[in-house]
Amino acid sequence: MSRKHPEPMQAVKQRRDAALRALVEGVPYIQFLGVSVDRRGDELTALLPFDDKLIGNPMLPAIHGGVTAAFLEVTAQIEVSWAMLWDDLERGAIDAETLTPASLPRMPKTIDLTVDYLRSGLPRDAYARARVTRSGRRYATVFVEAWQDNRERPIAQATVHFLMPRREAAAAPASNG
Amino acid sequence: MTTDPQGDKARIARQFIEMIPHARALGMTVEEIGDGLAVISMPYNEQLVGDIKTGVIHGGAVSALMDTCGGAAVVCHPDAPGGTATIDLRIDYMRAAKPGDRITARAECHHITRNVAFVRAVAMDGDPEHPVAMATGAFTVERPR
């Protein structure tokens with residue numbers, strides 16, 4: 001089923017946004033932190049809107065280091081899951097329309113993470129982007145960085161390792177044609 | 001009125017930790033604190049779940065608990081002059097925490113210099129023989145100005 005004509009842009013966007021929504025909205029903890037994800041093509045940017053409950057040092061005040069670590073981990077996890085889903089999504093092996101948090105395939109699991117705290121997180125919104133440095137059959141390595149007002153002045157960075165889910169021999173595309 | 005400096009420090013540290021907005025949001029309770037050792041626990045909470053199919057708590061919430069506990073171990077160390085901030089933290093997730101179980105972190109500040117405090121931490125659910133996660137961290141040593 002080679003696609004001769006490019007798909008209508010709206011269909012492409014709907015499919016990708018639906019898949020991303022299933023990934024993000026299916027995790028209660030991501031909702032608890034208030035993290036949302038912005039998409040441009042396949043590039044994702046996670047947003048952590050500031051909230052009083054995220055404060056770790058009321059004197060400064062500063063965002064809790066644990067929140068920063070969690071934000072980095074969540075961003076890395078969404079990125080590696082997104083990268084894993086992308087090919088199946090684009091060739092139609094996964095039907096994004098019917099994708100719900102419960103019907104998602106098994107997701108990569110965090111093995112470990114190493115966080116460097118570079119600057120204290122101010123009481124402002126924070127952003128993060130992750131890059132899958134290496135993705136293999138069993139393990140993946142992801143680098144992730146978070147910043148606030150200035151992209152050139154990151155507040156924290158992390159390297160995260162994931163255990164990739166065992167994949168069934170390339171799920172056949174939903175054969176409706 | 002008795003004056004026990006170490007006990008005083010522990011009491012202040014306990015109050016301070018339980019006042020942290022994010023520690024409150026996660027329902028953290030200081031179980032034990034003093035002499036560079038801190039034990040902090042957090043109840044199971046459905047809002048913190050990372051995988052709805054299993055109900056397992058997200059690693060991020062466990063990280064927040066271990067980071068708080070690590071910082072607490074530093075500030076209650078006899079040689080720590082004041083506050084602290086995390087420099088780096090490495091966390092190993094060994095297994096999923098049992099859904100429904102309270103999670104308890106135990107952190108120890110095993111070495112402190114003028115500028116850096118070194119911490120080891122472990123997180124456990126109802127089965128303390130098999131830890132859920134372990135952490136190693138370096139923290140700053142802040143001096144009151």
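**Entry 1: the β1-β2 pair of chain B**

I began in this predicted model with β1(B) and β2(B), strand β2 covering residues 37-42, and found that the two pair in the antiparallel sense over 5 bridges. Taking one position as a register check, I looked up Ile33(B), whose bridge partner in β2(B) is Ala38(B). The loop between β1 and β2 of chain B holds Asp35(B), and I noted that the phi of Asp35(B) is near 55 degrees, a positive value in a residue other than glycine.

**Entry 2: the sheet as a whole**

I then followed the pairing outward and asked how many strands form the open sheet, and in which order. The sheet has 12 strands, and I read their order as β1(A)-β2(A)-β6(A)-β7(A)-β8(A)-β5(A)-β5(B)-β8(B)-β7(B)-β6(B)-β2(B)-β1(B), with antiparallel pairing. The edge strands are β1 (36-40) of chain A and β1 (29-34) of chain B, each of which pairs on one side only. Ignoring direction, I find neighbouring strands of this sheet turned by 20 degrees against each other on average.

Within chain A I checked two pairings that involve β8(A). Strand β7(A) is joined to β8(A) by 8 bridges, the two running antiparallel, and here Tyr139(A) stands opposite Leu163(A) of β8(A). Strand β5(A) is likewise joined to β8(A) by 8 bridges in an antiparallel arrangement, with Thr110(A) opposite Phe162(A) of β8(A).

**Entry 3: where the sheet passes from chain A to chain B**

The step between the chains is made by β5(A) and strand β5 (residues 86-93) of chain B, which run antiparallel and are joined by 5 bridges. For a reference point I recorded Leu113(A), whose bridge partner in β5(B) is Ile91(B).

I next looked at the interface in full, where 30 residues of chain A are in contact with 30 residues of chain B. On the chain A side, the elements that give two or more residues are α2 (28-33), β3 (55-57), α3 and β5 (109-117). Which of these elements gives the largest share of the side of chain A that touches chain B? It is β5(A), with 8 residues. By class, this side of chain A divides into 17 nonpolar, 8 polar and 5 charged residues.

**Entry 4: the α3 helices against each other**

Turning to the helices, I found that the axes of α3(A) and α3(B) come within 8 Å and cross at roughly 155 degrees. Because angles over 145 degrees count as roughly antiparallel, α3(A) is roughly antiparallel to α3(B). The crossing of α3(A) past α3(B) is right-handed. From α3(A) the contact is made by Gly65(A), Gly66(A), Val67(A), Ala69(A), Ala70(A), Glu73(A) and Val74(A), and from α3(B) by Gly59(B), Gly60(B), Ala61(B), Ser63(B), Ala64(B), Leu65(B), Asp67(B) and Thr68(B). I noted the classes in this contact as 7 nonpolar, 6 polar and 2 charged.

I also looked up how each α3 helix sits on the strands. Helix α3(A) lies across β1, β2, β5, β6, β7 and β8 of chain A together with β5 of chain B, running at about 50 degrees to β6(A). Helix α3(B), residues 59-75, lies across β5 of chain A together with β1, β2, β5, β6, β7 and β8 of chain B, at about 40 degrees to β6(B).

**Entry 5: α1 and α3 within chain A**

Helix α1 (residues 9-25) and helix α3 (residues 65-90) of chain A pack at an angle of about 140 degrees, with their axes 11 Å apart, and α1(A) and α3(A) are therefore oblique to each other. Here too I recorded a right-handed crossing, of α1(A) past α3(A). The contact residues I listed are Arg15(A), Ala19(A), Leu20(A), Leu23(A) and Val24(A) from α1(A), and Ile78(A), Ser81(A), Trp82(A), Leu85(A) and Leu89(A) from α3(A). By class, this contact of α1(A) with α3(A) has 8 nonpolar, 1 polar and 1 charged residues.

**Entry 6: remaining checks**

In chain A I noted a cis peptide bond from Leu60(A) to Pro61(A), with omega near -15 degrees; Pro61(A) lies in the loop between β3 and β4 (62-63) of chain A.

For chain B I counted 3 helices and 8 strands, which follow the pattern α-α-β-β-β-β-α-β-β-β-β along the sequence. Along its principal axes, the C-alpha trace of chain B spans about 50 × 35 × 30 Å. A compact globule of 145 residues would have a radius of gyration near 15 Å, so the 15 Å of chain B agrees with that expectation.

Conventions: Residues are numbered from 1 along each chain as its sequence is written. Chains are lettered from A and ligands numbered from 1 in the order in which they are written. This is a predicted model: local features need pLDDT of at least 70, side-chain atom pairs count only at pLDDT 80 or more; totals for chains, interfaces and linings use all residues. Axes are lines fitted to C-alpha atoms, for helices over the stretch in contact, and angles run from 0 to 180 degrees between N-to-C directions. Helices (H or I, at least four residues) and strands (E, at least two) are DSSP runs, numbered from the N terminus. Angles under 35 degrees count as roughly parallel, over 145 as roughly antiparallel, 65 to 115 as roughly perpendicular and the rest as oblique. A crossing is left-handed if the near helix is turned anticlockwise from the far one by less than a right angle, and right-handed if clockwise. Two residues are in contact if their C-beta atoms, placed from the backbone, lie within 7 Å. Ala, Val, Leu, Ile, Met, Phe, Trp, Tyr, Cys and Pro count as nonpolar, Asp, Glu, Lys and Arg as charged, and the others, Gly among them, as polar. Two strands pair if DSSP finds at least two bridges between them. The radius of gyration is taken over C-alpha atoms; the globule rule is 2.2 Å times the number of residues to the power 0.38.
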